[in-house]
Amino acid sequence: MAESFLDQDTRQAPQSTTLDFKRVLYRALQYWYLIVLSVMVAVSIAFFYNRYSVPVYEINASIIIRETQEPSEGKLLYNNPIVSPYRNYYNEIYIIRSIPLIERVIDSLNFGVLFYRQGKVLTIDAYHHVPVEAHVITGTENGTHAFSLTILNDNQFTLNDGETTLQFGDTVKSDKLKFIITRKNGRNLESYYNDPFLLTIRNTSAAARSYASRLEAKWAEQGASVVNLRILGQNQQRELDFMRELIYAYQRYDLEKKNQTASRAISFIDRQLSSIRDSLRFFEIQLEKFKDKNVVTDLSTEALRVFQKLEVLETQKTALLINENYYRYLREYLNKGTNLDQVILPSSVGIQDPVITKLVSSMIDLQLEIKLYGDADRLRNPLIADKQSRIGAIKKDILESLISLEATDKIKADQLNKQIRDAEKQLAYLPAAERQLVTIQRNYTLLENLYVFLMQKKSEAEISKESSVTDILVVNDPQVSGPISPKKVQNYTIAFAGGLVLPFALFILFEVMNTRVQSKEDIEKITHMPFIGGVGHNTAEGNLIVYEKPKSAVAESFRALRSNIGYFTGYQDKKIILITSSISGEGKTFTSVNLATVLSLSGKKTIIIGADMRKPRLYTDFNLENTTGLSNYLAGLATLNEIVQQTPIENLYLLSSGPVPPNPSELLMRPTLAELFNGLLQEFDYVIIDSPPINLIADAFELAKYAHHTLYVVRQNYTPKEALRMVADYYGDGRLKNISVVLNDIFKSGLGYGYGYGYGYGYNYGYSYNDDKKQGSYYED
């Protein structure tokens with residue numbers, strides 16, 4: 001047979017499987033109502049979400065932490081280190097969010113008690129909208145407790161759906177929890193009768209942790225001392241009150257931290273003054289009695305010189321005595337073990353040693369950091385263990401420093417005592433009266449100087465305490481920035497986009513998962529085999545659509561196929577055309593019958609050969625017999641004239657398959673097959689071969705050797721793409737030649753399907769292709 005005019009290089013299939021967006025768009029246009037429904041459902045969901053979601057509000061505030069270099073009133077009067085304690089700014093953010101500080105706020109605002117108003121759909125926070133209040137007496141450490149509350153009248157209420165009726169002000173007991181519910185002053189209860197409320201009482205620590213997790217504290221910018229505070233909540237008034245109280249509690253904490261050292265210094269000095277005051281009073285009385293009994297009340301020049309010398313020595317000894325008392329106090333403090341109470345700074349009592357001052361200050365800083373943690377955190381937090389370990393090391397260093405200071409002071413005291421003894425020896429040379437006066441005056445002056453010194457230190461500490469102001473200043477008062485959730489416009493936009501995208505995503509998914517041939521484009525992507533034409537969807541009961549409805553659109557498609565075959569075969573007078581497919585059910589018998597019919601109706605003498613000897617069925621379309629046929633001829637059991645049957649259609653003859661043989665493939669390999677085709681070409685213009693599926697049985701390859709052209713039938717939305725790829729491989733390696741593809745059963749056409757079936761004119765026979773589409777489908781192979 002003649003070689004195809006197509007160049008050999010075009011045989012290799014492209015194997016392309018790119019997504020056909022035109023087909024996706026066509027599917028979207030076809031199922032537009034699903035897209036509209038999807039958008040409506042998505043927007044409706046967004047509407048109900050916006051309608052019934054509890055709004056979340058954002059509350060913001062700003063504070064400034066004043067620099068330590070800024071002088072306070074106390075420091076203007078006295079250069080007292082008590083009024084300017086060291087501040088580690090890196091700790092301030094954590095202090096603001098610390099559990100103990102927030103617990104102060106929770107207790108102050110009674111936020112451990114929550115009232116909710118129960119609605120048909122939502123249960124919302126009734127803060128400032130409930131006419132009663134609850135106060136816990138004991139038992140909150142046992143977790144969260146919930147009660148349903150209903151106000152019956154101005155004096156009574158019920159708990160837990162009427163289980164208990166109580167009077168306002170009664171003590172309510174539940175397990176270990178005790179609390180009372182009272183009316184708010186000036187609130188009218190009548191409008192709240194029988195309204196359901198939900199009362200929740202929770203542990204203060206749990207409430208503090210909840211707020212700490214939602215509270216944000218950040219520096220406004222690098223190097224600034226301004227802190228921006230932010231919290232989110234569902235009740236804007238509650239969060240506003242919390243933010244105001246938090247700032248106030250932080251200011252109180254700052255003042256308490258400043259005044260704590262001064263208060264302890266005052267307490268220490270008061271204890272010292274208490275012991276000195278009695279001794280001073282005793283020597284004051286002794287001095288008065290001496291003056292009453294003796295004429296000598298003034299000292300001589302020599303006695304005055306000795307007295308002044310002793311006075312200087314005793315003043316120095318007094319300073320050492322104060323140091324000794326502080327060292328004893330500090331040693332007792334350190335020996336108490338773990339103690340978070342702040343110690344008195346050495347500078348508060350006049351000790352200026354830089355080593356011990358720095359060590360005590362470092363210990364105080366670590367104690368303050370530990371106090372920021374809750375009691376539970378102190379037991380399990382590894383950071384606490386590290387800080388306590390550092391405090392222990394500092395305490396050892398302080399004790400070693402105390403030993404050194406005490407040894408130094410002892411040397412000074414011994415020297416002073418020696419000088420005092422030498423001065424006292426000089427007193428022996430004075431008259432008895434003067435010696436007695438010097439002794440009394442000396443003791444009195446010693447205690448008086450000590451008393452004045454301590455009173456001065458106490459005054460400095462009190463002035464420092466009273467003049468201290470907080471370093472925490474409000475820059476921006478707490479303000480509500482408006483609801484940040486739900487974002488209605490954004491939700492509608494997302495819903496609309498989602499409702500629009502979801503159907504397209506499904507269409508794309510269907511397209512990706514569809515492994516069936518859908519269009520001419522699919523064929524061209526998979527193979528370079530030429531496309532010869534398409535056949536529409538058949539809704540008739542039988543296969544003889546061309547004969548029974550010659551003016552139908554399907555019949556017209558076979559006429560177009562007849563013309564295209566002439567183009568591919570070069571308009572030869574005698575032609576053998578093989579019709580095959582990949583699998584059963586693709587319409588090769590339907591194509592064979594109707595192509596043969598349209599050829600015979602054009603005046604060409606045509607014969608159809610039922611070459612599928614395994615499943616003979618072609619004869620049933622013409623109501624003929626299958627007693628003898630191709631199998632008989634190839635087996636040498638019948639002549640050509642005996643097996644050819646005339647069909648009801650003029651110029652159309654049938655050579656049926658005949659009885660099913662045990663060896664169809666071997667029969668087709670006999671030389672009698674070539675003799676058969678030679679004999680038929682002498683008698684007929686066209687020989688149409690209805691062959692078995694080419695991917696299932698090798699019979700089609702034997703028959704293709706004698707065909708002038710092969711029509712490979714592909715059925716829309718039925719033929720697997722893999723089957724088409726196999727045939728494309730046969731074509732590519734030369735096992736199949738002179739082949740073209742027919743797309744059969746086209747019921748999807750238009751954008752993305754590549755083969756617009758329809759010809760734009762009618763036939764006035766009361767029948768059209770659109771009528772076919774309204775009916776069923778009938779195909780046999």
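The exercises below work through a predicted model of one protein chain.

Residues are numbered from 1 along each chain as its sequence is written. Because the model is predicted, local features need pLDDT of at least 70, side-chain atom pairs count only at pLDDT 80 or more, and totals for chains, interfaces and linings use all residues, while side-chain values use heavy atoms, with hydrogens and water left out.

**Exercise 1. Describe the confidence and the overall make-up of the chain.**

Solution.
- Step 1: The average pLDDT (the predictor's confidence in each residue, from 0 to 100) is 81, and 82% of the residues score at least 70.
- Step 2: Residues 1-10 have a pLDDT below 50, and this stretch has 16 contacts (heavy atoms within 4.5 Å) beyond near neighbours in sequence.
- Step 3: Residues 756-778 also stay under 50, with 46 contacts beyond four places in sequence.
- Step 4: The secondary structure comes to 24 helices and 21 strands; these are DSSP runs numbered from the N terminus, helices being H or I with at least four residues and strands E with at least two.
- Step 5: Of the 781 residues, 47% are buried; buried means under 20% relative accessible area, exposed over 50%, and partly exposed in between, with a 1.4 Å probe and protein chains only.
- Step 6: Among contacts with a separation of 6 or more, 80% join residues 24 or more positions apart.

**Exercise 2. Work out how helices H1 and H13 pack.**

Solution.
- Step 1: H1 covers residues 21-30 and H13 covers residues 488-513.
- Step 2: Their axes are 10 Å apart and meet at an angle of about 130°; axes are lines fitted to C-alpha atoms, for helices over the stretch in contact, and angles run from 0 to 180 degrees between N-to-C directions.
- Step 3: H1 is therefore oblique to H13, since angles under 35 degrees count as roughly parallel, over 145 as roughly antiparallel, 65 to 115 as roughly perpendicular and the rest as oblique.
- Step 4: H1 contributes Arg23, Val24, Arg27 and Ala28 to the contact, and H13 contributes Phe504, Phe507, Ile508, Phe510 and Glu511.
- Step 5: These residues divide into six nonpolar, no polar and three charged; Ala, Val, Leu, Ile, Met, Phe, Trp, Tyr, Cys and Pro count as nonpolar, Asp, Glu, Lys and Arg as charged, and the others, Gly among them, as polar.

**Exercise 3. Locate a cis peptide bond and two residues with positive phi.**

Solution.
- Step 1: The bond from Ser485 to Pro486 is cis, with omega near 0°.
- Step 2: Pro486 sits in the loop between strand E13 (472-485) and H13.
- Step 3: Asp175, a residue other than glycine, has phi near 55°.
- Step 4: The loop between strand E8 (171-174) and strand E9 (177-183) holds Asp175, which counts as exposed at 74% relative accessibility.
- Step 5: Asn623 has a positive phi too, near 60°.
- Step 6: Asn623 lies between strand E16 (606-610) and helix H18 (630-634), in the loop, and counts as exposed at 72% relative accessibility.

**Exercise 4. Describe the surroundings of Leu599 and Tyr253.**

Solution.
- Step 1: Leu599 belongs to helix H17 (residues 588-601) and is buried, with a relative accessible area of 2%.
- Step 2: Beyond four places in sequence, Leu599 contacts Arg562, Lys604, Thr606, Tyr686 and Ile688.
- Step 3: Its C-alpha atom is separated by 8.2 Å from that of Arg559, 40 residues apart along the chain.
- Step 4: Tyr253 belongs to helix H7 (residues 236-293) and is buried at 15%.
- Step 5: The C-alpha atoms of Tyr253 and Ile472 are 9.9 Å apart, across 219 residues of the chain.
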